[in-house]
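Reader: I'm new to this one. Could you walk me through it, piece by piece?

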Amino acid sequence: MITIKNLSVVYTTDEKTRQNKTVLADIGLSLSAGTVNIVIGPSGGGKSTLLKVIAGLIDHSAGTVKLGGADGCEPIIGFMPQSCGLLPWETIRENVELAAGLRLKKTGASAADCDNMKKQSLALMKQLGIDALAYCYPSEVSGGQQQRAALGRMFLLRPDILLMDEPFSALDELTRGEVRQLFAALCAGRRQDDCKPMTVLMVTHQVEEAVLLGEKIIVLDGKIKAVLDNPYRGQSENLCSQERAEFIVRLRRLLDREGGSTP
Ligand SMILES: Nc1ncnc2c1ncn2[C@@H]1O[C@H](COP(=O)(O)OP(=O)(O)OP(=O)(O)O)[C@@H](O)[C@H]1O
Ligand SMILES: [Mg+2]
């Protein structure tokens with residue numbers, strides 16, 4: 001669960017003259033546990049800034065951010081940055097196991113827990129089609145395979161909150177479609193696991209991607225322009241109904257900086 005109230009972020013653009021720039025103003029959002037939510041908006045609209053604030057990587061100037069974990073525990077946060085964030089000196093397998101391994105170390109897990117994590121890692125890499133690349137380095141595999149490894153890392157960690165900043169943007173259309181499907185399948189798998197729902201907040205530039213994957217679509221341009229429930233999630237672009245087409249037109253209008261701010 002993610003609850004944000006009256007959030008503002010101001011960057012200091014010039015330390016000497018103390019010039020400030022308000023990037024996010026009076027943001028309010030309430031995202032239920034176990035849902036997939038998509039943020040879209042024009043470049044410079046503060047999408048990455050919002051994810052970084054939620055991840056705790058930068059401070060906000062005003063307001064509150066509350067994140068809920070399972071059973072009131074401190075939430076585990078997975079963050080997939082705009083570049084997929086693999087370490088070039090680690091193999092694909094080491095990269096996949098990095099976050100989950102660090103977490104196990106931090107919690108003083110047993111050798112059996114570590115073995116179990118490694119088994120899950122192999123199963124996940126198989127599901128993602130990168131098991132044969134386990135001992136390759138990121139520079140030796142394709143962009144799509146790197147994205148799969150980054151996804152594997154996030155899902156092996158089993159976070160309560162998954163933040164993804166344009167995770168599929170570097171991929172060609174075909175690979176993008178495949179990796180999107182894998183993402184949807186992994187989310188569906190987690191959804192069946194009722195005791196540990198995962199809340200996803202993902203940024204994309206692509207309206208079609210937002211409509212394909214998001215239960216809720218948030219249009220952000222410095223402030224929240226709209227939060228829309230998306231009844232067309234999971235529907236193929238080829239099965240285009242009149243209503244779906246109109247929904248996409250409405251989203252595109254909202255993205256237009258000159259366009260209206262009322263949904
Ligand atoms: N560390 C920083 N210091 C000052 N200004 C910043 C900083 N980081 C981002 N900005 C500014 O804040 C605004 C929002 O940036 P942000 O990266 O959040 O946008 P975005 O919506 O993710 O854009 P894009 O779609 O291009 O990735 C931009 O105008 C950017 O120049
Ligand atoms: Mg960004």
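Reader: Let's start with a detail. Which residue of β9 does Asp 221 stand opposite?

Author: Keep in mind that this is a predicted model. Strand β8 covers residues 216–221 and β9 covers residues 223–229, and 6 bridges join the two in the antiparallel sense. Asp 221 has its opposite number in β9, and that residue is Lys 223.

Reader: And what sits in the turn of the hairpin that β8 and β9 form?

Author: The hairpin leaves 1 residue between its two strands. That residue has a positive phi of about 80°, and it is Gly 222.

Reader: Okay, zooming out. How many helices and strands does the protein have?

Author: The protein has 263 residues, and 35% of them count as buried. Its C-alpha atoms fill a box of roughly 55 × 50 × 40 Å along the principal axes. As for the elements, the count is 7 helices and 9 strands.

Reader: What radius of gyration does the protein have, and what would a compact globule have?

Author: For 263 residues, a compact globule would come out near 18 Å, so that is the yardstick to hold the protein against. The two values agree, since the protein has 19 Å.

Reader: What share of the contacts with a separation of 6 or more comes from residues 24 or more positions apart?

Author: Here we set aside the contacts with a separation under 6 and ask what is left for residues 24 or more positions apart. Their share is 72%.

Reader: Back to the strands. In what order do the 6 strands of the open mixed sheet come?

Author: A good way in is the edges: β5 (77–80) and β9 each pair on one side only. Inside the sheet, β3 (residues 36–40) and β7 (residues 199–203) run parallel, joined by 4 bridges, with Val 36 partnered by Val 200. Neighbouring strands are turned by 15° against each other on average, direction ignored. Put together, the order is β5-β6-β7-β3-β8-β9.

Reader: Which helix lies across β3, β8 and β9?

Author: The helix in question spans residues 242–255 and runs at about 20° to β8. Its name is α7.

Reader: Now the sheet of 3 strands. Why do β2 and β4 each have one side without a neighbour?

Author: This open sheet has the order β2-β1-β4, with antiparallel pairing. β2 (19–31) and β4 (62–67) stand at the edges, so each has just a single partner strand. The twist averages 30° from one strand to the next. As for that partner, the order places β2 and β4 on either side of β1.

Reader: How many bridges do β1 and β2 pair over?

Author: These two strands form a hairpin with 4 residues between them, and Arg 18 in the turn has a positive phi of about 55°. One of the facing pairs is Val 10 with Thr 22 in β2. The pairing is antiparallel, and the number of bridges is 9.

Reader: What about the other side, where β1 meets β4: how many bridges join them?

Author: Ser 8 has Ala 62 of β4 as its bridge partner, while Lys 5 stands opposite Thr 64. The strands run antiparallel, with β1 taking residues 2–14, and the bridges joining them number 5.

Reader: Which element gives the most residues to the shell around ligand 1?

Author: The residues around ligand 1 include Tyr 11, Lys 21, Gly 44 and Ser 48. By class, the shell has 2 nonpolar, 8 polar and 2 charged residues. β1, β2 and α1 each supply at least two of them, but the top contributor, with 3 residues, is α1.

Reader: Which strands does helix α1 lie across?

Author: Helix α1 covers residues 47–55 and runs at about 115° to β1. The strands it lies across are β1, β2 and β4.

Reader: One last residue: is Leu 87 buried or exposed?

Author: Leu 87 is found in the loop between β5 and α2 (92–106). Its C-alpha atom is separated by 21 Å from that of Lys 126, 39 residues apart along the chain. A residue with 12 or fewer C-beta neighbours within 10 Å counts as exposed. Leu 87 has 11 inside 10 Å, so the verdict is exposed.

Definitions and conventions: Residues are numbered from 1 along each chain as its sequence is written. Chains are lettered from A and ligands numbered from 1 in the order in which they are written. This is a predicted model: local features need pLDDT of at least 70, side-chain atom pairs count only at pLDDT 80 or more; totals for chains, interfaces and linings use all residues. Two strands pair if DSSP finds at least two bridges between them. Axes are lines fitted to C-alpha atoms, for helices over the stretch in contact, and angles run from 0 to 180 degrees between N-to-C directions. Two residues are in contact if their C-beta atoms, placed from the backbone, lie within 7 Å. A residue is near a molecule or strand if its C-beta atom, placed from the backbone, lies within 6 Å of it. Ala, Val, Leu, Ile, Met, Phe, Trp, Tyr, Cys and Pro count as nonpolar, Asp, Glu, Lys and Arg as charged, and the others, Gly among them, as polar. The radius of gyration is taken over C-alpha atoms; the globule rule is 2.2 Å times the number of residues to the power 0.38. A residue is buried if 20 or more other C-beta atoms lie within 10 Å of its own, exposed if 12 or fewer, and partly exposed in between; C-beta atoms are placed from the backbone.
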